[in-house]
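Here is a friendly walk through some ring contacts and their surroundings. Please have your viewer ready.

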Amino acid sequence: MTASFLRRTAAALAGPLIALAVAGCSADDEAAAPIDPEFAAGARVYAERCASCHGADLRGTDKGPSHLSIVYEPGHHSDDSFRQAIAVGTPQHHWPFGDMQPVEGLTDQEVEDVIAFIRSEQERLGFE
């Protein structure tokens, strides 16, 4: 199997798997809704690179905070804040999880896609 084949296969499976992961992690019917295809690329990146700390349902884990916290609303943490945290990491603030390390290896488009996905989920699910 070639790397190209594996990437295409992973991309083809990402949307349905992400939808199942989100549906399986939430008791809320609204959270169980499938991911809007417009945000599928960002959902894939989020699942691969962010969910282990911030939760498959964006509600956080014992390693990182919820992206549905009001602290992450756009007026407090802008899209540029997300870009900066992804690019160079960020010191601990607001939460007791420790410093966030940079998320290496993402393209500019992947960064934009994941931010768009997070913002769409914040709008769809609301803040806690």
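What follows is a short report on aromatic pairs, burial and one helix residue.

This is a predicted model, in which local features need pLDDT of at least 70, side-chain atom pairs count only at pLDDT 80 or more, and totals for chains, interfaces and linings use all residues. Residues are numbered from 1 along each chain as its sequence is written, and side-chain values use heavy atoms, with hydrogens and water left out.

The structure holds four aromatic pairs; rings of Phe, Tyr and Trp (its six-membered ring) pair if their centres lie within 6.5 Å, and planes under 30 degrees apart count as stacked, over 60 as edge-to-face and the rest as tilted. Two of these pairs are tabulated here.

| Pair | Centre distance | Plane angle | Class |
|---|---|---|---|
| Y72 and F82 | 5.9 Å | 50° | tilted |
| W95 and F97 | 6.4 Å | 45° | tilted |

The Y72 and F82 pair links distant parts of the chain, ten residues apart: Y72 sits in the loop between α3 (51-54) and α4 (79-88), and F82 in helix α4. Helices here are DSSP runs (H or I, at least four residues), numbered from the N terminus.

How do the rings sit relative to solvent? Both Y72 and F82 are buried, whereas W95 is partly exposed at 25% relative accessibility and F97 is partly exposed at 31%. Buried means under 20% relative accessible area, exposed over 50%, and partly exposed in between (1.4 Å probe, protein chains only). Together, Y72, F82, W95 and F97 form one aromatic cluster.

Helix α4 also holds Q84, which is partly exposed at 48% relative accessibility. The C-alpha atoms of Q84 and P102 are 8.7 Å apart, with their positions 18 residues apart along the chain.

Note on methods:
Helix = DSSP H or I, 4+ residues; strand = E, 2+ residues; numbered from the N terminus.
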